[in-house]
Amino acid sequence: MNIIVCIKQVPDAKDVRLDPITNTLAREGVESIMNPYDRHALEEAVAIKEQQGGRVTVITMGPPQAETVLREAIACGADEGVLVSDRAFAGADTWATSYTLAQTVQTLGDFDLVLCGKQAIDGDTAQVGPGLACRLNIPYATCVQKTRKVSDKVIEVERMMDDGFDVLRLPLPALMTVVKDINEPRVASLKGKMKAKKAEIRKFSASDIGAEIQNIGLAGSPTQVVKVFSPEARGDRKIFSGSVEEQVDQLVECLRAHL
Amino acid sequence: MLIIDSDKCTACGICETSCAFGAITVSDNCAVVNESCTLCGACVENCPVEALHIESAGKKIQSDINAYSGIMVFAEYRHGNVAPVSYELLGIGRKLADKRGVKLSVILPGGNVAPFADSLIAAGADTVLLAEDPILEQFREDVYAAILVQVIRDQKPEVVLAGATAIGRSVIPYVAHAIDAGLTADCTKLEIREEDGMLLQTRPAFGGNIMATIECPHSRPQMATVRPKVMAPAEPDPSRKGEIFQVHLSEQVVQTKIEVLDSVIDNEDQTNIQEVEALVAGGRGLESEKGFSLIRELANELGGAVAASRAAVDSGWIPYPHQVGQTGKTVSPKLYIACGISGAVQHAVGMQSAEIVVAINRDGKAPIFDIATYGVVGDLYEVIPQLIKRLQEIKK
């Protein structure tokens, strides 16, 4: 079984904020990490491979330094890493990213399953998975919390809904995006780390994947960010003091108007 | 590409600090960009001497933009009901349509959905498009997407709004990709420019630490999803008039590759924490599973629901659907009471858009107090019972 996992290197979101005075992004100490949901997608792929046999290929679109997350993925059980990198990809929104990843998947050849994290924590859009499925013209399921059964023909999964979950059966090839409930990602083994160190990372440019220039990067992106700003700060804050009774009385007084 | 005008650049270094990706540095008295650049535009925005601008290789421009008119809402049907978010979308959709002077339509796919048409008109719709077929009783991405693509191509709305729900977030990105439309997820604010119909879509990014306003200048429709409880529904007006149409569904459109083997409603946790007005959340400070019975009691008193921090979920005290934060749900209730939650940023990003935040924590220095509207410093096992008691007294 040929499994492809799409991963993304993201700034650790908890560190990113705008300086309220200068209105600039403060990036001091911002670390780059593998998108947390993608770790679960990778783990699921490796688990399916261990059960079914086959090959796990991780792909990422990003700057050259995104190679780090590919090596990390190899250390955690992936067989191969592919870096899709080109200045022409810069400024891609989810439409252009879906297109670029689809071109990459098609360049790699036959596949049975494509796995993605539910969303990336820098954008939180959850749009690339479904967009990629559209471009590849394959059925998909988002927010999968459990793989119930896999064979070489079909996959059965539990897809999270707002009021519970649906159990779906999809013919392969198919795509799924996963939530963190699906598994517990393994820690890289020493052997894995050694393998990752030596691994050859394949590198694709825009022309290697046959991308049309009007469909990639800023040019291929229907959406455009026109303004970036800090969220409004909370108004007057009141931290009470005194005994529990006194504090609760003050709180109830304040809340009364809203209840 | 990011273009740097070396004549204008004063090497002040503001661009360097404004870049979240370490993509721009100042060397030899001029800024230099490297391959990490994502063209996010933060440096362009912040450059005091306008030395930076972004140039794009021939942006795709759709030629028939002016053929698109009207606002369309995708209404969601599941397990016999229309999702509340659909009425909220009609509320904001009505405002956008009135400002622009166009019609508001709503598409509702489902098994037997005709009985809901009147309530959609009362909530603001001018036109209701019903897509009825037994197969639509269950949500299937491929069939839903085929219907939405067909209806959008046929009706040519300038704006399409959908709920940022499990269903909306799953099928809408597929539709947007299929019709080459721009899509903005989880908008918290939507405005429309009267003259050209440009939809100004504002949403949180980087887990809510930054807000971004997004436009789709060269393509139509402009698509956006909105989280539940962010927009207010209009007061229903049963005297409103509207038209109701059945969408013709060809055999091809209702063809599916997806088999729905089961659709499980989680009986214990039927309440979606994104859809209630009051949430009482418990964290590590509860110290045990038992603490949630107290949390639940307070939530019941307020007519709300129970939420939790990641620490509480990871400890196995409460299931994942209750989790608020970066790896859980984003909520924006009127009232959010955080009990024994320290308020790490990962939690804060999921709840900081709540109207009123009450923090109850023993540690007066906990970061939760920085984002709280009201703070009670004390042992939650003393504070909550006292609070319940006082609330009951008020009711009497």
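## A buried strand in chain B

In this predicted model, strand 15 of chain B is largely enclosed by the rest of the structure, because five of its five residues are buried. The strand shows two faces: B:Gln222, B:Ala224 and B:Val226 point one way, while B:Met223 and B:Thr225 point the other way. Residues on both faces are buried, a label that calls for 20 or more other C-beta atoms within 10 Å of a residue's own.

What pairs with this strand? Strand 10 of chain B (residues 159–163) pairs with strand 15 of chain B in the parallel sense, over five bridges. In that pairing, B:Val159 stands opposite B:Gln222. Strand 11 of chain B (residues 182–187) also runs parallel to strand 15 of chain B and is joined to it by four bridges. Here B:Cys187 has B:Val226 as its bridge partner.

## A sheet that takes strands from both chains

Now to a sheet worth tracing on screen. It is open, has six strands with parallel pairing, and follows the order 15(A)-22(B)-21(B)-20(B)-18(B)-19(B). Which strands form its edges? They are strand 15 of chain A (238–239) and strand 19 of chain B (305–308), each of which pairs on one side only.

The link between the chains in this sheet is the pairing of strand 15 of chain A with strand 22 of chain B, which run parallel and are joined by two bridges. A:Lys238 has B:Tyr374 as its bridge partner there. Further along the sheet, strand 20 of chain B (residues 335–339) and strand 21 of chain B (residues 356–361) pair in the parallel sense over five bridges, and B:Leu335 stands opposite B:Ile356.

## Helices lying across the sheet

Helix 6 of chain A (residues 244–256) lies across strands from both chains: strand 15 of chain A, together with strand 21 and strand 22 (374–377) of chain B. The angle between this helix and strand 22 of chain B is about 165°.

Helix 7 of chain B (residues 291–301) lies across strand 18 (278–282), strand 19 and strand 20 of chain B. It runs at about 165° to strand 18 of chain B.

## Where the chains meet

How many residues does each chain bring to the contact? Chain A gives 81 residues and chain B gives 94 residues. The side of chain A that touches chain B has 42 nonpolar, 19 polar and 20 charged residues.

A helix pair also spans the two chains. Helix 4 of chain A (residues 128–136) packs against helix 6 of chain B (residues 166–178) at an angle of about 45°, with the axes 8 Å apart. That angle makes helix 4 of chain A oblique to helix 6 of chain B, and the crossing is right-handed. From helix 4 of chain A come A:Pro130, A:Gly131, A:Ala133, A:Cys134 and A:Arg135, which meet B:Ser170, B:Pro173, B:Tyr174, B:His177 and B:Ala178 of helix 6 of chain B. By class, the residues of this contact divide into six nonpolar, three polar and one charged.

## A helix pair within chain A

Helix 2 (residues 67–75) and helix 5 (residues 190–198) of chain A have axes that come within 7 Å and cross at roughly 140°. Helix 2 of chain A is therefore oblique to helix 5 of chain A, and it passes that helix in a right-handed crossing. Helix 2 of chain A contributes A:Arg71, A:Glu72, A:Ile74 and A:Ala75 to the contact, while helix 5 of chain A contributes A:Gly192, A:Lys193, A:Lys195 and A:Ala196. These residues divide into three nonpolar, one polar and four charged.

## Backbone details in the loops

Two cis peptide bonds deserve a look. One joins A:Leu172 and A:Pro173, with omega about 0°; A:Pro173 sits in the loop between strand 11 (164–171) and strand 12 (174–178) of chain A. Another joins B:Arg220 and B:Pro221, with omega about -5°. B:Pro221 is in the loop between strand 14 (210–215) and strand 15 (222–226) of chain B, the latter being the largely enclosed strand described at the start.

Positive phi values turn up in loops too. B:His79, which is not a glycine, has phi of about 50° and lies in the loop between strand 6 (77–78) and strand 7 (81–82) of chain B. B:His79 counts as exposed because 12 other C-beta atoms are within 10 Å. B:Glu287 has a positive phi near 70°, and its place is in the loop between strand 18 and helix 7 of chain B. With 14 other C-beta atoms within 10 Å, B:Glu287 is partly exposed.

Notes:
Residues numbered from 1 in each chain as written. Chains lettered and ligands numbered in written order. Predicted model: local features only at pLDDT ≥ 70, side-chain atom pairs only at ≥ 80, totals over all residues. Axes fitted to C-alpha atoms, helices over the stretch in contact; angles between N-to-C directions. Parallel < 35°, antiparallel > 145°, perpendicular 65-115°, else oblique. Left-handed = near helix turned anticlockwise from the far one by under 90°. Contact = placed C-beta atoms within 7 Å. Nonpolar A, V, L, I, M, F, W, Y, C, P; charged D, E, K, R; others polar. Pairing = 2+ DSSP bridges.
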